[in-house]
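Got the viewer open? Let's take a short walk through this structure, one selection at a time.

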Amino acid sequence: MASDTKQRPVYVISIAAELVDMHPQTLRLYERKGLIRPGRSSGKTRLYSERDIEHLREIRRLTQELGVNLAGVEEVMRLQHELDDMQDEFEQEIERIENEIRAQVAQPLPAPGQVLSAQDRPVYVISIAAELVDMHPQTLRLYERKGLIRPGRSSGKTRLYSERDIEHLREIRRLTQELGVNLAGVEEIMRLRFELDANRGRLEHRIADIQQDITERMTRWRELPAPSGPEDASD
């Protein structure tokens with residue numbers, strides 16, 4: 001798979017540092033902070049992959065271009081690693097399903113659900129949402145304009161907030177008040193959160209679709225008539 005190539009550890013620290021225009025000691029610091037996760041050779045030498053190089057360039061963009069502090073960068077990279085891990089798990093699941101098809105193993109699996117989850121159902125008007133997160137309603141409107149939250153709308157165009165929106169607002173408050181992340185950093189973090197939520201939903205539905213397809217194929221195979229034996233052949 002393409003992601004296998006991107007994950008293959010190939011660059012020693014001196015080459016990786018040169019590729020991203022950083023000092024090797026900076027790469028060691030970022031590793032201690034958990035911002036990057038280089039591999040190791042059999043002799044315990046650090047080896048960096050193309051994905052590590054991408055992450056290092058993203059860290060440089062966040063710190064140098066957007067002025068995001070280290071706490072904000074840690075949040076961004078934690079989410080990025082979570083996205084990477086999700087993609088890896090998805091590819092592994094697809095491979096497992098393909099193996100099931102090849103082995104012709106039939107298992108009844110549920111069809112993908114299309115009902116909006118309780119967590120995503122818009123239920124709170126702006127005054128209640130603001131009270132739940134201890135913010136002014138005007139602050140919620142500002143965050144919406146910045147794209148940090150995405151409330152729903154009633155048929156009368158009234159803003160309605162879901163439990164997930166409330167979680168996001170509490171996370172924004174934690175980032176700004178506890179970690180001192182600037183607004184540019186918060187925008188990056190929340191963009192990744194939305195991407196993570198969207199990817200998780202798409203991947204889960206995709207896996208469910210594939211599993212449903214397997215079930216239908218296996219059902220059709222089981223219903224096929226058995227092949228005729230030699231005794232059934234015409235003289």
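Start inside: select Leu-27, Leu-140 and Leu-169, which touch the most other members of the largest nonpolar core, a set of 45 residues. Keep in mind that this is a predicted model. Now color the elements that give two or more residues to this core: helix 2 (13-20), helix 3 (24-32), helix 4 (50-65), helix 5 (70-103), helix 6 (126-133), helix 7 (137-145), helix 8 (163-178) and helix 9 (183-223). Helix 9 gives the most, with 8 residues. As a rule of thumb, nonpolar side chains in soluble globular proteins tend to be buried together.

Next, zoom in on Leu-27. Leaving aside residues up to four places away in sequence, Leu-27 touches Ile-13, Ala-16, Ala-17, Val-20, Met-22, Ile-36, Tyr-48 and Leu-56.

Leu-56 is a handy bridge to the next stop, since you can pick up helix 4 there: Leu-56 is buried in helix 4, and so are Arg-51, Asp-52, Ile-53, His-55, Ile-59 and Leu-62. Try the distance tool on the end C-alpha atoms of helix 4: they are 22 Å apart, which agrees with the 22 Å that its 16 residues should span at 1.5 Å a residue. Just after helix 4, click on Gly-67, which takes a positive phi of about 70°.

Last stop, the outside. Select Val-12, Ile-15 and Leu-19: together they form a nonpolar patch on the surface, with about 200 Å² of accessible area. Ile-15 belongs to helix 2. Is Ile-15 buried or partly exposed? Its relative accessibility is 36%, so Ile-15 counts as partly exposed.

Technical notes: Residues are numbered from 1 along each chain as its sequence is written. This is a predicted model: local features need pLDDT of at least 70, side-chain atom pairs count only at pLDDT 80 or more; totals for chains, interfaces and linings use all residues. Side-chain values use heavy atoms; hydrogens and water are left out. A nonpolar core is a set of buried Ala, Val, Leu, Ile, Met, Phe, Trp, Tyr and Cys residues joined through side-chain atoms within 4.5 Å. Buried means under 20% relative accessible area, exposed over 50%, partly exposed in between (1.4 Å probe, protein chains only). Helices (H or I, at least four residues) and strands (E, at least two) are DSSP runs, numbered from the N terminus. Contact means heavy atoms within 4.5 Å. Patches are made of residues with over 30% relative accessible area and no salt bridge: like charges are joined within 9 Å, nonpolar side chains (Val, Leu, Ile, Met, Phe, Trp, Tyr) within 5 Å. Accessible areas come from the Shrake-Rupley method with a 1.4 Å probe; for residues, only the protein chains shown count as cover. A salt bridge is a side-chain nitrogen of Lys or Arg within 4 Å of a carboxyl oxygen of Asp or Glu. The expected span of a helix is 1.5 Å times one less than its number of residues.
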